[in-house]
Amino acid sequence: MTQRDVTITNNIGLHARPATFFIQKANSFKSSIWIEKDDRKVNAKSLLGVLSMGIAKGMTVTLIADGQDEATAINSLVELVQTGFAE
């Protein structure tokens, strides 16, 4: 299992369009991937789950991956977040 904290930096947080980009990227990996914030953990491959977290700009979340491509998955998702979801 691999995990890493990342701070959301884009203006609208992880809502609608950025969440869709995030989920598409997460679904490109075989590993199980979760987003954790406070006491909640949701499947990062689920749009409803990700949107239900209410992740806004400036919040720090933990990305967790478990599987054969976990390191690549975490690195790719952190890079996507750090680039502001290409917005």
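**Exercise 1. Work out where Pro-18 sits, and whether it is buried or exposed.**

Step 1. Pro-18 is found in helix H1. Helices here are DSSP runs of H or I with at least four residues, strands are E runs of at least two, and both are numbered from the N terminus.

Step 2. Pro-18 counts as buried because its relative accessibility is 0%. The cut-offs are under 20% relative accessible area for buried, over 50% for exposed, and partly exposed in between, with a 1.4 Å probe and protein chains only.

Step 3. Now look along the chain: Pro-18 and Gly-84 are 66 residues apart, yet their C-alpha atoms are separated by 8.3 Å. Gly-84 comes just after H3 and takes a positive phi of about 75 degrees.

A word on the model before going on. This is a predicted model, in which local features need pLDDT of at least 70 and side-chain atom pairs count only at pLDDT 80 or more, while totals for chains, interfaces and linings use all residues. Residues are numbered from 1 along each chain as its sequence is written, and side-chain values use heavy atoms, with hydrogens and water left out.

**Exercise 2. Check the span of H1, then find which side of H1 is buried.**

Step 1. H1 has 12 residues, which at 1.5 Å a residue should span 16 Å, and its end C-alpha atoms are indeed 16 Å apart. The expected span is 1.5 Å times one less than the number of residues.

Step 2. List the buried residues of H1: Pro-18, Ala-19, Phe-22, Ile-23 and Ala-26. They lie on the same side of H1, because they cover an arc of only 135 degrees around the axis. That arc is taken from the directions from the helix axis to the C-beta atoms.

Step 3. What do they pack against? The partners are strand E2 (32–37), helix H2 (47–52), strand E4 (60–66) and helix H3 (70–82). Contact means heavy atoms within 4.5 Å.

Step 4. For contrast, try Ala-16, which is also found in H1. Ala-16 is exposed, with a relative accessible area of 51%, and has a positive phi of about 35 degrees although it is not a glycine.

**Exercise 3. Do the same job on H3.**

Step 1. From first C-alpha to last, the 13 residues of H3 reach 18 Å, close to the 18 Å expected at 1.5 Å a residue.

Step 2. Its buried residues are Glu-70, Ala-73, Ile-74, Ser-76, Leu-77, Val-78, Leu-80 and Val-81. They pack against E1, H1, E2 and E4.

**Exercise 4. Place E4 among the strands.**

Step 1. E4 is largely enclosed by the rest of the structure, because 5 of its 7 residues are buried.

Step 2. Look for partners. E1 pairs with E4 in the antiparallel sense over 6 bridges, and Thr-2 has Ala-65 in E4 as its bridge partner. E2 also runs antiparallel to E4, joined by 5 bridges; here Trp-34 has Ile-64 as its partner. Two strands pair if DSSP finds at least two bridges between them.

**Exercise 5. Find the largest nonpolar core and the element that gives it the largest share.**

Step 1. The largest nonpolar core has 25 residues. Such a core is a set of buried Ala, Val, Leu, Ile, Met, Phe, Trp, Tyr and Cys residues joined through side-chain atoms within 4.5 Å.

Step 2. H1, E2, E4 and H3 are the elements that give two or more residues to this core. The largest share, 6 residues, comes from H3.

Step 3. Phe-22 is one of the residues with the most contacts inside the core. Leaving aside neighbours within four places in sequence, Phe-22 touches residues including Leu-14, Ile-35, Leu-63 and Leu-77.

**Exercise 6. Trace the polar contacts of two loop residues, Asn-10 and Ser-31.**

Step 1. Asn-10 is in the loop between strand E1 (2–7) and helix H1 (16–27), and counts as buried at 5% relative accessibility. Its side chain reaches the backbone oxygen of Gly-13 at 3.0 Å.

Step 2. Ser-31 is in the loop between H1 and E2 and is buried at 1% relative accessibility. Its side chain makes a polar contact with the side chain of Asp-69 (2.4 Å), and a polar atom of that Ser-31 side chain lies 3.1 Å from the backbone nitrogen of Glu-70.

Step 3. Check the cut-off: a polar contact is a pair of N or O atoms within 3.5 Å; within protein, one must be able to donate a hydrogen and the other to accept it, and residues adjacent in sequence count only if both atoms are side-chain atoms.
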